[in-house]
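Biologist: Please show me the model, so that we may discuss its backbone, its charged pairs and its pockets in turn.

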Amino acid sequence: MAEKKRFPIIRERKKRKPWPRRWKLLRNLSLSAVLLLGCVFPSGLHLTPEAALASSQRTFHYGPAAIAYEQAVGDSRFYFGTYDRWFSCYQVKRAGPFWRAGNCQVEERDGTSPIQWLWWGSARREGEAGMDFFFTGIRNDPAIRWIAFTFDNGDSVRVEAFSQDLFFFTVFRPEGAQAIERAEAYDGAGNRLYLLDREGRLPEEWEKTGDTG
């Protein structure tokens, strides 16, 4: 009896169904997002203001700072904090849907000075007159309960809110430059504890330099 020949069984391959158009769209959008992020992050743009802050601190080899509080001003956010012997203010700015690092102010805490402060100015919008001036500082004497700052045009600002001994306030001046003339620190009973000139110097320091303040 002749042996039957065995032929291989040929199974018809099932054709894969094409991806729905919606899935293709989601895939393409995901790939585009990955490529976009790969271009964005090296250029200093970040998805959140906190990420921009962390990047800025790494750039300056500072921190991470213990943030006392944050303040939103226009399209910027300001972060105030302390790290080791320093106090600082970091600015991050909105750039479309992203955030990028702005100005940075860092100063070493000086225990011999009852108050220290930093300031800088920023135009509100291009073409608009006047500027916003941002002031931040720290009290080194816990007996200080409030501070009166007097400016060169006679205006004054009273500061009595502190967070981790830090304070912050803003001043708008339509004609431009703004400068502190003097600062006076008071205790809870209203007694003046310190008088400082525009450079933050005490009266005895004025005498050493021959400056009357």
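Biologist: In the hairpin of β1 and β2, which residue takes a positive phi?

Modeller: This model is predicted. Strands β1 and β2 run antiparallel and are joined by seven bridges, one pairing being that of glutamine 71 with phenylalanine 78 in β2. Two residues lie between the strands of this hairpin, and the residue with a positive phi, near 60°, is glycine 74.

Biologist: Which residue takes a positive phi in the hairpin of β2 and β3?

Modeller: Strands β2 and β3 pair in the antiparallel sense over eight bridges. Tyrosine 79 has tyrosine 90 as its bridge partner in β3. The hairpin has two residues between the strands, and the positive phi, near 55°, belongs to aspartate 84.

Biologist: Aspartate 84 also carries a charge to be paired; with which residues is Asp84 linked in a network of salt bridges?

Modeller: Side chains of opposite charge can pair when their charged atoms come close. Within this group, arginine 85 and glutamate 108 form a salt bridge in which the closest N and O atoms are 3.1 Å apart. That pair links distant parts of the chain, since arginine 85 is in the loop between β2 (76-83) and β3 (86-95) and glutamate 108 is in strand β4 (residues 98-108), 23 residues apart. The network that includes Asp84 is completed by Arg85 and Glu108.

Biologist: Is arginine 85 buried, partly exposed or exposed?

Modeller: Partly exposed covers the range between 20% and 50% relative accessible area. Glutamate 108, its salt-bridge partner, falls in this class at 41%. Arginine 85 has a relative accessible area of 43%, so the class is partly exposed.

Biologist: How far apart, N to O, are the side chains of arginine 198 and glutamate 181 in their salt bridge?

Modeller: Arginine 198 is in the loop between β11 (192-197) and α3 (203-209), while glutamate 181 is in strand β10 (residues 180-186), and the pair is 17 residues apart along the chain. Arginine 198 is partly exposed at 40% relative accessibility, as is glutamate 181 at 26%. The N to O distance in their salt bridge is 2.4 Å.

Biologist: Is aspartate 197 buried or exposed?

Modeller: The side chain of aspartate 197 meets that of arginine 201 in a salt bridge of 2.6 Å, N to O. A residue counts as buried under 20% relative accessible area. Aspartate 197 has 2%, and therefore it is buried.

Biologist: How many salt bridges does the count come to?

Modeller: The pairs discussed include arginine 85 with glutamate 108 and arginine 201 with aspartate 197. The count of salt bridges comes to 10.

Biologist: Why is cysteine 89 not bonded to the closest cysteine sulfur?

Modeller: A disulfide requires the two cysteine sulfur atoms to be within 2.5 Å. The closest cysteine sulfur to that of cysteine 89 belongs to cysteine 104, which is in no disulfide. Cysteine 89 is buried at 1% relative accessibility, whereas cysteine 104 is partly exposed at 23%. The bond is absent because the sulfurs are too far apart, at 8.2 Å.

Biologist: Which two residues are joined by a cis peptide bond?

Modeller: Most residues other than glycine have a negative phi, and most peptide bonds are trans. The cis bond has an omega of about 15°, and its proline lies in the loop between α2 (49-59) and β1 (66-73). The residues joined are glycine 63 and proline 64.

Biologist: In which loop is the place of glutamine 164?

Modeller: Glutamine 164 has a positive phi of about 50° although it is not a glycine, and at 41% relative accessibility it is partly exposed. Aspartate 165 likewise has a positive phi, of about 70°, and is partly exposed at 25%. Aspartate 165 is placed in the loop between β8 and β9. For glutamine 164, the loop is that between β8 (156-159) and β9 (166-173).

Biologist: Which strand gives the largest share of the lining of the second largest pocket?

Modeller: The second largest pocket holds about 190 Å³ of space. Its lining has 14 residues, and the closest to its centre are Ser113, Ile115, Gln116, Glu199 and Gly200. The lining divides into four nonpolar, four polar and six charged residues. The largest share, three residues, comes from strand β5 (residues 115-123).

How values were computed
Residues are numbered from 1 along each chain as its sequence is written. This is a predicted model: local features need pLDDT of at least 70, side-chain atom pairs count only at pLDDT 80 or more; totals for chains, interfaces and linings use all residues. Side-chain values use heavy atoms; hydrogens and water are left out. On a 1 Å grid over the protein atoms alone, a cavity is a set of points where a 1.4 Å probe fits but cannot get out, and a pocket is an open set with protein on both sides within 12 Å along at least five of seven lines; lining residues have an atom within 4 Å of a point. Grid points are joined across faces, edges and corners, and a volume is the space filled by probe spheres set on the points. Helices (H or I, at least four residues) and strands (E, at least two) are DSSP runs, numbered from the N terminus. Ala, Val, Leu, Ile, Met, Phe, Trp, Tyr, Cys and Pro count as nonpolar, Asp, Glu, Lys and Arg as charged, and the others, Gly among them, as polar. Buried means under 20% relative accessible area, exposed over 50%, partly exposed in between (1.4 Å probe, protein chains only). A salt bridge is a side-chain nitrogen of Lys or Arg within 4 Å of a carboxyl oxygen of Asp or Glu. Two strands pair if DSSP finds at least two bridges between them.
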